[in-house]
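Grab a pencil and work through the exercises below. Try each task yourself before you read the solution.

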Amino acid sequence: MKFPVSLVSLPLFVCLLALSASNVFAGDEWVAVEPTELALKAPVVERDADAEVLFWDVRVDDNSVDALVFTHYVRIKVFTERGRESQSKIDIPFGKFYNTNIKIKDIAARTIKPDGSIVELKKEDVFERTIVKTSGLKVKNKSFALPGIEPGSIIEYRWREVRENESAHNVRLHFQRDIPVQRVTYHIKPYPYPGQSMMWFTFRGQENKFVKEKDGYYATTMTNLPAFREEPNMPPENQVRTWTLVYYVGERPDPSRYWSDLGKRFYGLTKSLMKVNDELRAAATQATADASAPEEKLERLFNFVRAKIRNTSDDASGLSSEERAKLKENKSPADTLKRGIGTGADIDLLFAALATAAGFDARIVLSPDRSDIFFEPAFTNPYFLNPSSIAVRVGDKWRFYNPGYNFVQSGMLRWQEEGVDVLITDPKEPVWTQTPMTPSSKTLEKRTAKLSLSEDGTLEGDVRIEYTGQLAVEKKEYNDDDSPSEREETLRRIVKARLSTAEISDIKIENVTEQEKPFVYSYHVRVPGYAQRTGKRLFLQPSFFEHGISPLFSAGTRQTPIYFHYPWSEQDEVSIEWPAGFALENADKPSPVSAGDLSRYVVSISVTPDSRSLVYKRSFFFEGMLFPVTSYGALKNYFDMVHKADGHTLTLRQSAVAAASK
């Protein structure tokens, strides 16, 4: 392992140098297939693999400050029919990831059949589609189906990946794929930064070295890498898969003083960005005039900047790309206040300046993103930190605010920045502290349904679902850049994923771009065959919102830790009117399921006074976040008990008189 570090590699930091750009393009020709590759009958890395990468060769040009260019070449051997199915369709992700915009160019692909004949991919067969990953993230892909694959075939494809606005001179090299890899090689042409040398650190994998090649490239190779397989509720991929970070350093700093020196230096570089003037003092005084307690004053300032400043970083700002390009840069909080428009960072800095004007001690926070990796300060490299929120001292505690991120409420941060170690900058003593977690009570999925049941088992009625806290943030982020029709289609897909016969209408989706209000789905639903009719009985699952949902954990074993993004809670109230002539045989309910302060599940079932309807109420909360693999059995058992309770079935019996009248 090579250890860091240099301030030059810190993303989003101030005063980046202007550097010249050049690109290297290679790999535009196919490499001849060896007879031994065509003759290969069994996988090498994993005995039961259906397909295996023979080689994955990547050339990386790091000679530009504006973009990194990756030229990929992959060759895969298909062994079985399952391998043919899994490898016939290729998806290459593109789009915006964090601050990087990825473009895919020059895709070429072909199939080499066992007899040596070749079928080329046509350019017009490459298209774009959006995939929803296990984590719920929407990913855009360049997709294509390889022609003529059969067991024994070799497939290969190549493409250029242009990463615009990649963090200056920090390169991530991934080594695992979704199938085993015999050999992967990266050839990287480092940036010739004066006084800096290329270094690297490998995460979750074997130590690797870079060997000098011709034309200024350095190569590193790993062999016999097992497949990377997604598991439900696993940590971020960079936490559990093999990859290498390449970066540049000058003199090696003293590790014992590294973060302190960095915090002081960053404070000095950014202090002017929160400069206070008379206009800001007047605005702070006016905004906090009716508040007395410190928390109330900060709440007023938070709401003030949200209301007064149009956020250009938000998808719902209404600005076109042309309008964004014409916007002037705000050079100070005073500019942001005067113009009434700014980026999310501008809004955060204005909030910090107003808090300072109101007499508070406000600082920029350097925070990691735990959706990317679980950062540890022992790794003395600033690459994983970003100035993403504002800390304000109230008494002897720091409180954290992020008004520039449009959907988080005061007192919250994005879940990616809650429960993590952050560095609070200071001219004398920078400190590490941990951001608080939003409790499960504030991240609530509240679901209500008023339904009626027909004799044939059809269930029909009105549904309303409200999301608050982190759940609301995720729902708004997922939907805010979609059209109304796309949002409705998303809801239909969600409902039909668990209720395949469901018909939904009268859809209303509320508060998609509202900052403070809950995200709301409401709709009318009709589900033929919801209850099962057998003779004079109807068998009914009253837990309507859990009907059709599979167990959270189905596998008997686990390879990765178990990771929940944030604590959450659920509250259901479902009323179901049963058909005339039927009566509830019993109103028994499932027993509570409890894990102490970590989680609790409680259900109540009652009958209305007119004996025509049942009322089902369900409450659940879960406070945990990260659990080791050794806890998998206990967690699986707990959620299996909850799932079994959710499947609790009641019996409705038709009276003899009602049955005879039919």
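## Exercise 1: Two helices that pack

Helix 6 and helix 9 (residues 344–357) pack at an angle of about 145°, and their axes lie 10 Å apart. Keep in mind that you're looking at a predicted model.

**Task.** Work out which residues of helix 6 and helix 9 meet, and how the residues of this contact divide into nonpolar, polar and charged.

**Solution.**
1. Start with the crossing: helix 6 passes helix 9 in a right-handed way.
2. Next, list the residues that touch, counting heavy atoms within 4.5 Å as contact. Helix 6 brings Leu 298, Leu 301, Phe 302, Phe 304 and Val 305. On the helix 9 side they meet Ile 347, Leu 350, Phe 351, Leu 354 and Ala 355.
3. Now sort the residues of this contact by class: you get 10 nonpolar, no polar and no charged.

## Exercise 2: A look into a pocket

**Task.** Find out how much space lies in the second largest pocket, and which element gives the most to its lining.

**Solution.**
1. The second largest pocket holds about 530 Å³ of space.
2. It is lined by 25 residues, and the closest to its centre are Arg 399, Ser 410, Gly 411, Met 412 and Pro 436.
3. Check which elements give two or more residues to this lining: helix 6 (294–308), strand 19 (397–401) and strand 21 (431–434). So helix 6 turns up again, this time as part of a pocket lining.
4. Strand 19 gives the most, with 5 residues.
5. Sorted by class, the lining of this pocket has 9 nonpolar, 8 polar and 8 charged residues.

## Exercise 3: Put the strands in order

**Task.** In the open sheet of 4 strands, what is the strand order, and which strands are at the edges?

**Solution.**
1. The order reads 26-27-35-30, and the pairing is antiparallel.
2. The edges are strand 26 (532–534) and strand 30 (582–584), each of which pairs on one side only.
3. Neighbouring strands in this sheet are turned by 25° against each other on average, direction ignored.
4. Zoom in on one pair: strand 26 is joined to strand 27 (residues 537–540) by 3 bridges. One partnership to look for is Gln 532 with Phe 539 in strand 27.

## Exercise 4: Spot the unusual phi

**Task.** Where do you find Asp 106 and Ser 611, and what phi does each have?

**Solution.**
1. Recall the usual case: most residues other than glycine have a negative phi.
2. Asp 106, in strand 4 (residues 100–112), has a positive phi of about 55°.
3. Ser 611 sits in the loop between strand 32 (599–607) and strand 33 (613–622), and has a positive phi of about 55°.

Methods. Residues are numbered from 1 along each chain as its sequence is written. This is a predicted model: local features need pLDDT of at least 70, side-chain atom pairs count only at pLDDT 80 or more; totals for chains, interfaces and linings use all residues. Side-chain values use heavy atoms; hydrogens and water are left out. Two strands pair if DSSP finds at least two bridges between them. Axes are lines fitted to C-alpha atoms, for helices over the stretch in contact, and angles run from 0 to 180 degrees between N-to-C directions. On a 1 Å grid over the protein atoms alone, a cavity is a set of points where a 1.4 Å probe fits but cannot get out, and a pocket is an open set with protein on both sides within 12 Å along at least five of seven lines; lining residues have an atom within 4 Å of a point. Grid points are joined across faces, edges and corners, and a volume is the space filled by probe spheres set on the points. Ala, Val, Leu, Ile, Met, Phe, Trp, Tyr, Cys and Pro count as nonpolar, Asp, Glu, Lys and Arg as charged, and the others, Gly among them, as polar. A crossing is left-handed if the near helix is turned anticlockwise from the far one by less than a right angle, and right-handed if clockwise.
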